[in-house]
Amino acid sequence: MGAGKIAAGLHLVATPIGAARDITLRALDILSGADVLAAEDTRNTRRLLDIHGVKLGERRLLPYHDHNGAKMRPRIIEALKAGQSVASVSDAGTPMVADPGFDLSRAAIEEGLPVFSAPGASALLAALCVAGQPTDRFFFAGFAPNKSSARIRFLMDLVDIPSTLVLYESPNRAVASLQNMVTVFGADRPVSFCRELTKKFEEVVRGSLEDVLRIVSERPSIKGEIVIVLGPPPEKMTSQEEIVAA
C-alpha cells in the first residue's frame, strides 16, 4: 500500500475499538507513510498493520504509554524537530481520550511543532449512538478511581451536572461502580451499560440503575470493555425537540 509523503508533524491516529474494518482510509495512509510510529502497545499495532497489509519496513515502531512517557517523549520530539512525521496510536479508539496521548501532544505544541488529528473510531461516541440517552449535551468523565470511597467522592462531583454522563469502566469493577452509582445518583437514574462495542458480542443493557445493576450482578462473570452512559437526572431531562421549540 502506497501512501505518498506524509506532512511532517505529530499525527494522532484513531484506530478501531473492535471491528478492524473501522479503520479509515486516511489512517491507513498515515500509518503507511509516517516516518515513525509511536504505539501504546506495539503488539496490537503490529497486528493492526498486518491485518491491513501495511508494511513497517525499516521504520521505527516506538512504545509510548503511561509508564515510559517521560523517557520516550524526548525521542519523539527530537524526531519531530528533525522534520519527520510521527503517527501516534493508542490501543484502540481516538488518541487523547483516556489514553497517554495528551502529554505528547502538549509537548509538541509547546515546541511549536505541527499536530494533526486523523479522526475515527471512539468508544465514547459509539456508546452515545446506541445508548438511547440524550446526546444534545454530555459530559465525559473518563475512568473513576479504583477505591470505592474515592469513586463515591468522584461521582458526587458529577451529581449537579444536568446532562448525560459518560464513563469508562473495567469489567472487574463494573458491579461495584453501578452499586456506587445507585448510592450517589439514585436507583431510578436511567443508564445504558454498553459492552464490547463493535465486537462480536456487543451488548447494551438499558434501564434504571437499579434494574441494570440487578441484571449485571446476576452474571457469573463480565468481560470486555465497558462504557456506562447515564442519562441526565429525570427532572432535568429535556428532549432536543423541546429545546428547539423553546
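1. How many nonpolar, polar and charged residues does the lining of the largest pocket have? In this predicted model, that lining divides by class into 17 nonpolar, nine polar and 10 charged residues.

2. The space in the largest pocket comes to about 910 Å³, and 36 residues line this pocket, with I17, D91, A92, G93 and E225 lying nearest its centre. Two or more lining residues are given by each of helix 2 (42-51), strand 7 (164-169), strand 8 (190-195) and strand 10 (226-230). Of the elements, helix 2 supplies the largest share of the lining, namely five residues.

3. Turning to the interior, the largest nonpolar core holds 22 residues, and those with the most contacts inside this core are L178, M181, F185, F193 and L230. The elements giving two or more residues to this core are strand 7, helix 7 (174-185), strand 8, helix 8 (209-217) and strand 10, and helix 7 gives the most, with five residues. As background, nonpolar side chains in soluble globular proteins tend to be buried together.

4. F193 deserves a separate look. Once its neighbours within four places in sequence are left aside, F193 is in contact with A174, L178, V204, V205, V212, V216, I222, I226, V227 and I228, and also with E203.

5. A second core, separate from the one just described, consists of 17 residues, including I23, L31, L37 and A39.

6. Read together, the pocket and the largest core draw on some shared elements: strand 7, strand 8 and strand 10 each give two or more residues to the pocket lining and likewise two or more to the largest core.

Terms used
Residues are numbered from 1 along each chain as its sequence is written. This is a predicted model: local features need pLDDT of at least 70, side-chain atom pairs count only at pLDDT 80 or more; totals for chains, interfaces and linings use all residues. Side-chain values use heavy atoms; hydrogens and water are left out. On a 1 Å grid over the protein atoms alone, a cavity is a set of points where a 1.4 Å probe fits but cannot get out, and a pocket is an open set with protein on both sides within 12 Å along at least five of seven lines; lining residues have an atom within 4 Å of a point. Grid points are joined across faces, edges and corners, and a volume is the space filled by probe spheres set on the points. Helices (H or I, at least four residues) and strands (E, at least two) are DSSP runs, numbered from the N terminus. Ala, Val, Leu, Ile, Met, Phe, Trp, Tyr, Cys and Pro count as nonpolar, Asp, Glu, Lys and Arg as charged, and the others, Gly among them, as polar. A nonpolar core is a set of buried Ala, Val, Leu, Ile, Met, Phe, Trp, Tyr and Cys residues joined through side-chain atoms within 4.5 Å. Buried means under 20% relative accessible area, exposed over 50%, partly exposed in between (1.4 Å probe, protein chains only). Contact means heavy atoms within 4.5 Å.
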